[in-house]
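Reader: I'm new to this one and would like a close look at a single part. Could you walk me through the place where the protein meets one of the DNA strands?

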Number of protein chains: 2
Amino acid sequence: MREFLKTKGFKMTPQRELIFRSFFELTDHVSVDELYIKVRKKDSSIGYSTVWRNLKLICKVGLAEEVNVGDGITRYDHITKVPHGHLFCINCKKLIEFNVEQIIAILAQTASDKNFAPESFKIEIQGYCEECSKDNKSDSNGFSQKQQKLN
Amino acid sequence: MREFLKTKGFKMTPQRELIFRSFFELTDHVSVDELYIKVRKKDSSIGYSTVWRNLKLICKVGLAEEVNVGDGITRYDHITKVPHGHLFCINCKKLIEFNVEQIIAILAQTASDKNFAPESFKIEIQGYCEECSKDNKSDSNGFSQKQQKLN
DNA sequence: AGTCTAAATGAAAACGACTTTCATTTTCAA
DNA sequence: TTGAAAATGAAAGTCGTTTTCATTTAGACT
């Protein structure tokens, strides 16, 4: 990792090491806050902005990407070889991945038809996961939690 | 419109009338700021929060929905009968719609396979539109404009 | 090992879109 | 006409994100 970063002009530091490690240990999508909390448990002197900057850096060097489901929180997703879509549970905020090969093929064709040069694809289903759909039958008006309230 | 709102417990006002009219005149996706500017040209005494609240109201009564492409700006999209995806130009911020019937069918199946109860689908391609891809060959690292800068 | 420069850090402040508050005005049903 | 509920405008508040700035540190080069 140190060498990898060096080739891109970045230095390794103890803080960075810890942040990178912590991020790659996780398998799910993490927000800055979540990673900050996790990292703080190991080194409580690390600042929030350092965590933030390093997540941005991980994206910049191509090892993660931002996921934005519209609830106002940016999450960071490991970049895997296979592109995937997200099932986002409106209730428990869980993100579940699913395969989108077939869909990407269709989208690539769509873009091409419209002379649009695609950089990335976003495929997302919002709804209720298996657990949450058991109880949560009501309250589904299409607004996100945050936007639910209106006066 | 007045009657329609009345049935839902809302009142009509001159400001609301103007805001609704202005919104429905537009065919494209508008942000609060954009609508605020448009509305101000007709009545410069209208407040920003009134425009914001009325866009929320239009959503609430089911005539529009929020679109969030991850650039930090919420746009409001007219609800049409046909569901559609969005081509978002990273450069000029234009949103272009496209048909997604086939894809929705696949996604519905996917959700069903995972016992996920879908409420809405989001299908989006980020990239460069025909005009912008003519010059903008560089600068495509997957970051949105806003997130481009890092220190 | 010592020195230098660019990069990295932490704390705090700034930013910006969104949302709420509050005093006042307006709508509309009775 | 009148009163309760809803709507408005201005201003302030919220909150995740981003930048600033003074200081420290990494790593290249003597």
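Author: Let's start with A:Gly72: one of its polar backbone atoms sits 3.4 Å from a sugar or linking oxygen of DNA strand D. Keep in mind that this is a predicted model. Chain B reaches the bases themselves. In B:Lys11, an N or O atom of the side chain is 2.9 Å from a base nitrogen of DNA strand D, and for B:Arg53 a side-chain N or O atom comes to 2.7 Å from a base nitrogen of that strand. Which elements give two or more residues to the surface near DNA strand D? From chain A they are α1 (2–7) and α4 (48–60), and from chain B they are α2 (14–25) and α4 (48–60). The most comes from α4(A), which gives five residues.

Now step back to the whole surroundings of the strand. DNA strand D has 28 residues around it, and the closest are A:Arg2, B:Thr13, B:Arg16, B:Thr50 and B:Arg53. So B:Arg53, with its 2.7 Å pair to a base nitrogen, turns up again in that closest group. On the DNA side, 71% of the atoms of strand D that come within 4 Å of the protein belong to sugar and phosphate. On the protein side, the surface near DNA strand D is made of 12 polar, nine charged and seven nonpolar residues.

As for the chain that A:Gly72 belongs to, chain A has seven helices and six strands. Starting at the N terminus, they follow the order α-α-β-α-α-β-β-β-β-α-β-α-α. Of the 151 residues in chain A, 44% are buried.

Terms used. Residues are numbered from 1 along each chain as its sequence is written. Chains are lettered from A and ligands numbered from 1 in the order in which they are written. This is a predicted model: local features need pLDDT of at least 70, side-chain atom pairs count only at pLDDT 80 or more; totals for chains, interfaces and linings use all residues. Side-chain values use heavy atoms; hydrogens and water are left out. Helices (H or I, at least four residues) and strands (E, at least two) are DSSP runs, numbered from the N terminus. Buried means under 20% relative accessible area, exposed over 50%, partly exposed in between (1.4 Å probe, protein chains only). A residue is near a molecule or strand if one of its heavy atoms lies within 4 Å of it. A polar contact is a pair of N or O atoms within 3.5 Å; within protein, one must be able to donate a hydrogen and the other to accept it, and residues adjacent in sequence count only if both atoms are side-chain atoms. Ala, Val, Leu, Ile, Met, Phe, Trp, Tyr, Cys and Pro count as nonpolar, Asp, Glu, Lys and Arg as charged, and the others, Gly among them, as polar.
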